[in-house]
Amino acid sequence: TYPGNIRLHEIVNTFRGRYQDAPRQNKAMIIKEIVQAARNEGARFLRRVETEQDGAYWEEVGDDLAYQKVSHALRNQKYRSERKAREREEQERIQQDNVSR
(Lines give C-alpha, C1' and ligand atoms only; values in the text may rest on other atoms or scores of the structure.)
Protein backbone atom coordinates (compact mmCIF):
# COMPACT_ATOMS: atom_id res chain seq x y z
CA THR A 1 0.00 0.00 0.00
CA TYR A 2 1.23 3.45 -0.90
CA PRO A 3 1.77 6.09 1.82
CA GLY A 4 -0.74 8.37 0.07
CA ASN A 5 -3.44 5.70 0.27
CA ILE A 6 -2.72 5.18 3.97
CA ARG A 7 -3.00 8.93 4.60
CA LEU A 8 -6.24 9.13 2.61
CA HIS A 9 -7.75 6.41 4.78
CA GLU A 10 -6.63 8.27 7.91
CA ILE A 11 -8.38 11.42 6.64
CA VAL A 12 -11.48 9.40 5.72
CA ASN A 13 -11.50 7.91 9.24
CA THR A 14 -11.68 11.38 10.79
CA PHE A 15 -14.86 12.07 8.82
CA ARG A 16 -16.38 8.58 9.02
CA GLY A 17 -18.62 9.06 12.06
CA ARG A 18 -19.99 12.32 10.72
CA TYR A 19 -20.58 10.71 7.32
CA GLN A 20 -22.40 7.71 8.79
CA ASP A 21 -24.60 9.92 10.99
CA ALA A 22 -25.42 12.38 8.21
CA PRO A 23 -28.70 12.29 6.31
CA ARG A 24 -28.35 11.13 2.73
CA GLN A 25 -28.61 14.64 1.28
CA ASN A 26 -25.51 15.76 3.28
CA LYS A 27 -23.23 12.84 2.41
CA ALA A 28 -22.09 14.32 -0.92
CA MET A 29 -21.02 17.51 0.83
CA ILE A 30 -18.97 15.51 3.35
CA ILE A 31 -17.25 13.57 0.57
CA LYS A 32 -16.34 16.87 -1.11
CA GLU A 33 -14.95 18.10 2.24
CA ILE A 34 -12.77 14.99 2.47
CA VAL A 35 -11.44 15.54 -1.07
CA GLN A 36 -10.68 19.17 -0.19
CA ALA A 37 -9.04 18.23 3.13
CA ALA A 38 -6.76 15.77 1.33
CA ARG A 39 -5.89 18.28 -1.38
CA ASN A 40 -5.20 20.94 1.28
CA GLU A 41 -2.55 18.61 2.70
CA GLY A 42 -0.96 18.42 -0.72
CA ALA A 43 -2.46 15.06 -1.65
CA ARG A 44 -3.03 14.19 -5.26
CA PHE A 45 -5.52 11.65 -6.53
CA LEU A 46 -3.89 9.45 -9.14
CA ARG A 47 -4.81 6.68 -11.49
CA ARG A 48 -2.56 4.29 -13.33
CA VAL A 49 -2.65 4.51 -17.11
CA GLU A 50 -1.34 1.61 -19.17
CA THR A 51 -0.17 2.16 -22.74
CA GLU A 52 1.44 -0.18 -25.21
CA GLN A 53 4.01 2.43 -26.24
CA ASP A 54 5.09 3.88 -22.92
CA GLY A 55 4.15 1.14 -20.45
CA ALA A 56 2.39 2.43 -17.36
CA TYR A 57 2.38 5.84 -15.75
CA TRP A 58 0.39 7.71 -13.11
CA GLU A 59 -1.77 10.73 -13.89
CA GLU A 60 -3.60 13.08 -11.60
CA VAL A 61 -7.40 12.97 -11.78
CA GLY A 62 -9.99 15.67 -11.30
CA ASP A 63 -12.51 16.18 -8.56
CA ASP A 64 -15.11 13.81 -10.04
CA LEU A 65 -12.84 10.77 -9.91
CA ALA A 66 -11.39 11.89 -6.55
CA TYR A 67 -14.99 12.02 -5.26
CA GLN A 68 -15.52 8.43 -6.47
CA LYS A 69 -12.30 7.26 -4.79
CA VAL A 70 -13.29 8.82 -1.45
CA SER A 71 -16.81 7.42 -1.72
CA HIS A 72 -15.34 3.98 -2.38
CA ALA A 73 -13.02 4.32 0.63
CA LEU A 74 -15.99 5.21 2.86
CA ARG A 75 -17.98 2.19 1.63
CA ASN A 76 -15.03 -0.17 2.09
CA GLN A 77 -14.43 1.02 5.63
CA LYS A 78 -18.13 0.68 6.44
CA TYR A 79 -18.19 -2.93 5.29
CA ARG A 80 -14.90 -3.70 7.07
CA SER A 81 -16.27 -2.24 10.31
CA GLU A 82 -19.51 -4.20 9.98
CA ARG A 83 -17.61 -7.43 9.25
CA LYS A 84 -15.35 -6.92 12.27
CA ALA A 85 -18.39 -6.31 14.47
CA ARG A 86 -20.01 -9.53 13.22
CA GLU A 87 -16.79 -11.46 13.83
CA ARG A 88 -16.56 -10.07 17.38
CA GLU A 89 -20.17 -11.03 18.07
CA GLU A 90 -19.53 -14.54 16.75
CA GLN A 91 -16.43 -14.91 18.95
CA GLU A 92 -18.39 -13.72 21.99
CA ARG A 93 -21.19 -16.20 21.22
CA ILE A 94 -18.69 -19.05 20.90
CA GLN A 95 -17.07 -18.08 24.21
CA GLN A 96 -20.46 -17.94 25.94
CA ASP A 97 -21.37 -21.34 24.51
CA ASN A 98 -18.10 -22.78 25.83
CA VAL A 99 -18.68 -21.28 29.29
CA SER A 100 -22.23 -22.63 29.53
CA ARG A 101 -21.13 -26.21 28.76
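## Overall character of the chain

Of the 101 residues that make up the chain, 20% count as buried. The model described here is predicted. The chain exposes about 7900 Å², and carbon and sulfur atoms supply 45% of that area.

Contacts also link parts of the chain that lie apart in sequence. Among contacts between residues at least 6 apart in sequence, 45% join residues at least 24 apart.

## Helices and strands

Three helices and two strands are present in the chain. Their order along the sequence follows the pattern α-α-β-β-α.

Strand β1 covers residues 46-51 and strand β2 covers residues 55-60; the two run antiparallel and are joined by six bridges. One of the residues concerned is Leu46, whose bridge partner in β2 is Glu60. Between the two strands, a hairpin of three residues joins β1 to β2.

## The largest pocket

The largest pocket has a volume of about 500 Å³. Its lining comprises 19 residues, of which Gly4, Asn5, Leu8, Arg44 and Leu46 are the closest to the centre of the pocket. Two elements, α1 (3-21) and α3 (63-100), give two or more residues to this lining. Helix α1 gives the most, with six residues.

In chemical terms, the lining of the largest pocket divides into nine nonpolar, five polar and five charged residues. Leu46 thus appears in two parts of this report: the residue is paired with Glu60 of β2, and is also among the lining residues closest to the centre of the largest pocket.

Terms used: Residues are numbered from 1 along each chain as its sequence is written. This is a predicted model: local features need pLDDT of at least 70, side-chain atom pairs count only at pLDDT 80 or more; totals for chains, interfaces and linings use all residues. Side-chain values use heavy atoms; hydrogens and water are left out. Helices (H or I, at least four residues) and strands (E, at least two) are DSSP runs, numbered from the N terminus. Buried means under 20% relative accessible area, exposed over 50%, partly exposed in between (1.4 Å probe, protein chains only). Contact means heavy atoms within 4.5 Å. Accessible areas come from the Shrake-Rupley method with a 1.4 Å probe; for residues, only the protein chains shown count as cover. Two strands pair if DSSP finds at least two bridges between them. On a 1 Å grid over the protein atoms alone, a cavity is a set of points where a 1.4 Å probe fits but cannot get out, and a pocket is an open set with protein on both sides within 12 Å along at least five of seven lines; lining residues have an atom within 4 Å of a point. Grid points are joined across faces, edges and corners, and a volume is the space filled by probe spheres set on the points. Ala, Val, Leu, Ile, Met, Phe, Trp, Tyr, Cys and Pro count as nonpolar, Asp, Glu, Lys and Arg as charged, and the others, Gly among them, as polar.
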